[in-house]
Amino acid sequence: MTAPRPGIAERLSQMIRLPTVSAELGERGLEPFESFVALIAEQYPLLHESLALERHTEFGLLFRWMGTGAGDPLVLMAHYDVVPVDESDEWTHPPFAGVIADGVVHGRGALDDKGPLIVVLEAVENLLAAGFTPARDVYLSLGGNEETFGDAAEEIARVLRERGITPWLVVDEGGAVVDAPLPFVPGRAAMIGVGEKGVMTVRLSARGDGGHASAPPTLTAVRRIARAVDRLGPRTFRPRASKAIGRMLTQLAAQTPGPARHLLRLLGSAPLLTGQVFAALGGEPAALVRTTVAATMQSGGTAANVLPSAASAIRASHPCPT
């Protein structure tokens, strides 16, 4: 007798247990990634039997589900690599244990992006089991080096373009179903991202006189870097609310009771005011209306009592989508 197929939570747990950390490829090697590819073949047999699979680079998986019509295809995207774990972070459960507790699957990648990936695979597997055939071709584009800006997705896009394929619609990871999307908006909302930020990484370097820390000059290399990092802050770029933000606020106003409804309607129709308000809220609201700048890595110095002759900092900038 064939063993019963585990539930979706157990399948996601199995995925999380594979440490597909693309930034640590040198230490971990390809084994976790190849194991992940083998795992989804085991978990989703109908999908692998019915869809044609192509490998592009070492990390790109392109499945084609042939439809009955000749229209432009739908492309569903996701990635199965995850970011590294900071050992100083406090985890309720080990990041790669895939613990299922209190109705929640815990672990690195549960939200970004193995959770959304498994939803795509589940949908296709269940539709195949029901005998469904799409009206147009459907491509599943899965990448294993998204977090390191790898070329898997770029190569898949190049191949489709080379074949003269222009997608009808591309759906990738975006927002989530959240509680209270804004402080005074009740209920849950499915946040759909209609734009995507890019990223620009800049290294700032400074040099100065070395020596003993007991007699420092007025402007050391570290202070030069600190001053530059301080100048490149949240206010570097002016806020601007897009039309999509205005439409979102108008939709949320319809489900918001009391005076807050009128405030949301006002913000939805006044983009300049919305930009200022969201920027003042900080965090994710601010990131919706302005290009963000953040220092992520700093270096300089080898001893507590010695002035370094050079210091550097790396800043990541995510431009606001147009």
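In what order do the strands of the five-stranded open sheet run, and how do they pair? The order is 1-2-6-3-7, and the pairing is mixed. Keep in mind as you look around that this is a predicted model.

Let's start at the borders of that sheet. Strand 1 (52-56) and strand 7 (169-171) are the edge strands, each pairing on one side only. Going from one strand to the next, the twist averages 20 degrees. As a quick reminder, strands of a sheet pair through backbone hydrogen bonds, either parallel or antiparallel.

Now zoom in on strand 1 and its partner, strand 2 (residues 60-65). These two pair in the antiparallel sense, over five bridges. If you want a landmark for the register, take Leu-53, which stands opposite Phe-63 in strand 2. Strand 1 and strand 2 form a hairpin with three residues between the strands. One residue to check in the loop between them is Thr-57. Its phi is near 60 degrees, a positive value in a residue other than glycine.

What lies across this part of the sheet? Helix 6 (residues 152-162) does: it lies across strand 1, strand 2, strand 3 (74-79) and strand 6 (138-143). Relative to strand 2, helix 6 runs at about 40 degrees.

Another backbone detail is worth a look if you plan to inspect torsions. Asp-112 and Asp-113 are joined by a cis peptide bond, with omega at about 10 degrees. To find the spot, go to the loop between strand 5 (104-105) and helix 5 (114-129), where Asp-113 lies.

Further along the chain there is an open sheet of three strands, in the order 10-14-12, with antiparallel pairing. Strand 10 (200-207) and strand 12 stand at the edges with a single partner strand each, so one side of each has no neighbour in the sheet. Ignoring direction, neighbouring strands here are turned by 25 degrees against each other on average. Strand 10 is joined to strand 14 (residues 310-318) by eight bridges, and the two run antiparallel. Here the landmark is Val-202, which stands opposite Arg-315 in strand 14.

On to a pair of helices. Two packed helices are described by the angle between their axes and the distance between the axes. For helix 9 (residues 259-269) and helix 10, the axes come within 5 Å and cross at roughly 115 degrees. That crossing angle is why helix 9 counts as roughly perpendicular to helix 10. Helix 9 brings Leu-266, Leu-267, Gly-268 and Ser-269 to the contact, while helix 10 brings Pro-271, Leu-273, Thr-274 and Val-277. By residue type, the contact splits into five nonpolar, three polar and no charged.

Helix 10 also leads us to some empty space. Rolling a probe the size of a water molecule over the atoms shows where empty space is left. The second largest pocket holds about 190 Å³. It is lined by 13 residues, and those closest to its centre are Pro-234, Ala-279, Gly-282, Ala-286 and Arg-290. Which elements each supply at least two residues of that lining? They are helix 10 (271-281), helix 11 (283-289) and strand 12 (292-299). The lining of the second largest pocket divides into seven nonpolar, four polar and two charged residues. So strand 12, an edge strand of the three-stranded sheet, turns up again in the lining of this pocket.

Terms used:
Residues are numbered from 1 along each chain as its sequence is written. This is a predicted model: local features need pLDDT of at least 70, side-chain atom pairs count only at pLDDT 80 or more; totals for chains, interfaces and linings use all residues. Side-chain values use heavy atoms; hydrogens and water are left out. On a 1 Å grid over the protein atoms alone, a cavity is a set of points where a 1.4 Å probe fits but cannot get out, and a pocket is an open set with protein on both sides within 12 Å along at least five of seven lines; lining residues have an atom within 4 Å of a point. Grid points are joined across faces, edges and corners, and a volume is the space filled by probe spheres set on the points. Helices (H or I, at least four residues) and strands (E, at least two) are DSSP runs, numbered from the N terminus. Ala, Val, Leu, Ile, Met, Phe, Trp, Tyr, Cys and Pro count as nonpolar, Asp, Glu, Lys and Arg as charged, and the others, Gly among them, as polar. Axes are lines fitted to C-alpha atoms, for helices over the stretch in contact, and angles run from 0 to 180 degrees between N-to-C directions. Angles under 35 degrees count as roughly parallel, over 145 as roughly antiparallel, 65 to 115 as roughly perpendicular and the rest as oblique. Contact means heavy atoms within 4.5 Å. Two strands pair if DSSP finds at least two bridges between them.
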